[in-house]
Amino acid sequence: MKIMKKVRWIIISIVVLIVISITCAGIYFVNTPDYALMKIMKDVKESGMEGLSAHLTSNAQETLDTVSGITDNKLFTMVMGLLNENDYADVLKSKLQETEWEIEDILKSSDKATVILSFNYDERLIGTIEGSMIKENGSWKIDGLKFPKFDEINW
């Protein structure tokens, strides 16, 4: 009888340890930039730029709002069109939801991460974009993006 109780307590202890380990691993994974990027890509696929906004730091959102305000100006758009006939970055932005995105690389520390995402828009625009992420209010958010590097342009 005593042996059965000991075996039962050993089995219960092992099960509790396994459950605690799985829970801790899940909590750890949810708090990584990898998971945040997967969520960001899902939200962008569903909602485009609106899906991205929730995942930007306050500084990045302010920069995006400023740039959007400038680029909405018709004179600015006309001048930029004359300077650069093939503004592929704007095409990529407008086709955000139709573009295939993959995580290429993540370099991370405890509070910062540098990410490289590859993109492929309909085999027409293929390349990578580098971004920085930081933890803001306990969540990983995009703090900055560099200009995309285009490996292939098939226009």
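Which residues does L37 touch, not counting residues up to four places away in sequence? I found that L37 touches I103, I106, V115, L117 and M133, a contact being heavy atoms within 4.5 Å.

I noted that this is a predicted model, in which local features need pLDDT of at least 70 and side-chain atom pairs count only at pLDDT 80 or more, while totals for chains, interfaces and linings use all residues. Residues are numbered from 1 along each chain as its sequence is written, and side-chain values use heavy atoms, with hydrogens and water left out.

I then looked up the largest nonpolar core (buried Ala, Val, Leu, Ile, Met, Phe, Trp, Tyr and Cys residues joined through side-chain atoms within 4.5 Å), and of its 22 residues L37, I40, L52, M133 and I142 touch the most other members. Two or more residues each come from helix 2 (33-47), helix 6 (88-94), strand 2 (112-121), strand 3 (125-136) and strand 4 (139-145); helices (H or I, at least four residues) and strands (E, at least two) are DSSP runs, numbered from the N terminus.

For the protein chain I recorded six helices and five strands, and buried residues (under 20% relative accessible area, with exposed over 50% and partly exposed in between, 1.4 Å probe, protein chains only) make up 26% of the 155 residues.

Last, I checked I3, which lies in helix 1 (residues 2-30) and counts as exposed because its relative accessibility is 65%.
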